[in-house]
Amino acid sequence: MRTENGLVVEVADRVATVTLDRPERLNALSTGLQRDIVAAFDGFVDDPDVWVVVLTGAGEKAFCAGVDLREIRENDSSSDRGLRPMGGPSRNVFETVLECTKPTIAAINGWALGGGFELALACDVRLAADHARVGLPEAKRGMGANFGAHLVARMLPPGIAYELLYTGDDLPAADAARWGLVNRVVPGADLAREAAALAARIAANAPLTVRRYKAALGKGGSLPLSAALRLDVGPDPYTSEDRVEGVAAFVEKRAPVWRAR
């Protein structure tokens, strides 16, 4: 399925592959494309056929070059110049991806800049093609990277985060991996295959356990350990049918059949 705004969603073997399909605009985030991403990720939450989500861009040049600056330029000539973060009547696209209850993987196939890098940061795991570059160039555009600034501040040593934000410079994939901004770098020709293989490995595991991990890390990561250990978030794998099945499959030396219940 491809929307008129350029979002392609394919579901197979419990993996949803979401592709930003505007290569002529370097997969830039138009307002319409952002709405489609929000709708898709909101839909994944309650979709029993989706256990893992892979997000990538069309072509080899860009994962996503950020928000569509041409669209913003057109809006600047009108009375609507509202770009304040976390405002407006619609859900924030980065927050929606971040809060998706299913595991998410960003396959960064090229430039991931500004809002494009923020979109990748909103995913749980990031794989990058060896030619990819990432960065938050908002300081060079007079804009702000509210979501990205807070994410990199939690992921990087303070001095490195400040330098990245203050200069607006981009990083090659290898440097991004060195600082933990991406999990690993793979040859560009292998990226889609590596992302699909990782998604398949995750989808082969007990889905309630995986979703419990995501909820626990997302909500407990900034808490003191004593408080985090007492969180009860996400689905309960301990009393689930899948827990019974997982033990039985191990004892019987067979592959488990998960039912997400």
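**Sheet pairing, helix faces and pocket lining**

In strand 9 of the predicted model, Asp 170 is the bridge partner of Gly 135. Strand 8, comprising residues 133–135, and strand 9 are joined by 3 bridges and run antiparallel. These two strands belong to an open sheet of 4 strands, in which the order is 4-6-8-9 and the pairing is mixed. Strand 4 (62–64) and strand 9 (170–172) form the edges of this sheet, each of them pairing on one side only. From one strand to the next, the twist averages 20°. Strands of a sheet pair through backbone hydrogen bonds, in either a parallel or an antiparallel manner.

Helix 5, which spans residues 146–155, contains the buried residues Phe 147, Gly 148, Leu 151 and Val 152. These residues lie on the same side of helix 5, because the arc that they cover around the axis is only 115°. An α-helix has 3.6 residues a turn, so residues three or four places apart point the same way. The packing partners of the buried residues of helix 5 are helix 3 (93–98), helix 4 (115–121) and helix 6 (158–167).

A comparable analysis was made for helix 11. Within this helix (residues 241–251), the buried residues are Asp 242, Glu 245 and Ala 249. Viewed down the axis of helix 11, these residues fall within an arc of 60° and therefore line one face of the helix. Their packing is against helix 9. On the face of helix 11 turned away from the buried side, Phe 250 and Val 251 are exposed. Just after helix 11, a positive phi of about 55° is found at Lys 253.

Helix 5 and helix 9 also take part in the lining of a pocket. The pocket in question is the second largest, and its volume is about 1,200 Å³. It is lined by 34 residues, of which Leu 98, Asp 124, Lys 214, Leu 217 and Gly 218 are the closest to its centre. At least two residues of the lining are supplied by each of helix 3, strand 5 (104–108), strand 7 (125–129), helix 5 and helix 9 (207–220). The greatest contribution to the lining of the second largest pocket comes from helix 9, with 8 residues. Helix 9 thus appears in two settings: the buried residues of helix 11 pack against it, and it gives the most to the lining of the second largest pocket.

Definitions and conventions:
Residues numbered from 1 in each chain as written. Predicted model: local features only at pLDDT ≥ 70, side-chain atom pairs only at ≥ 80, totals over all residues. Heavy atoms only, no water. Buried < 20%, exposed > 50% of the residue type's maximum accessible area, 1.4 Å probe, protein only. Arc of directions from axis to C-beta. Contact = heavy atoms within 4.5 Å. Pairing = 2+ DSSP bridges. Axes fitted to C-alpha atoms, helices over the stretch in contact; angles between N-to-C directions. 1 Å grid on protein atoms, 1.4 Å probe; cavity = no way out; pocket = protein on both sides within 12 Å on 5 of 7 lines; lining within 4 Å. Points joined across faces, edges and corners; volume = space filled by probe spheres on them.
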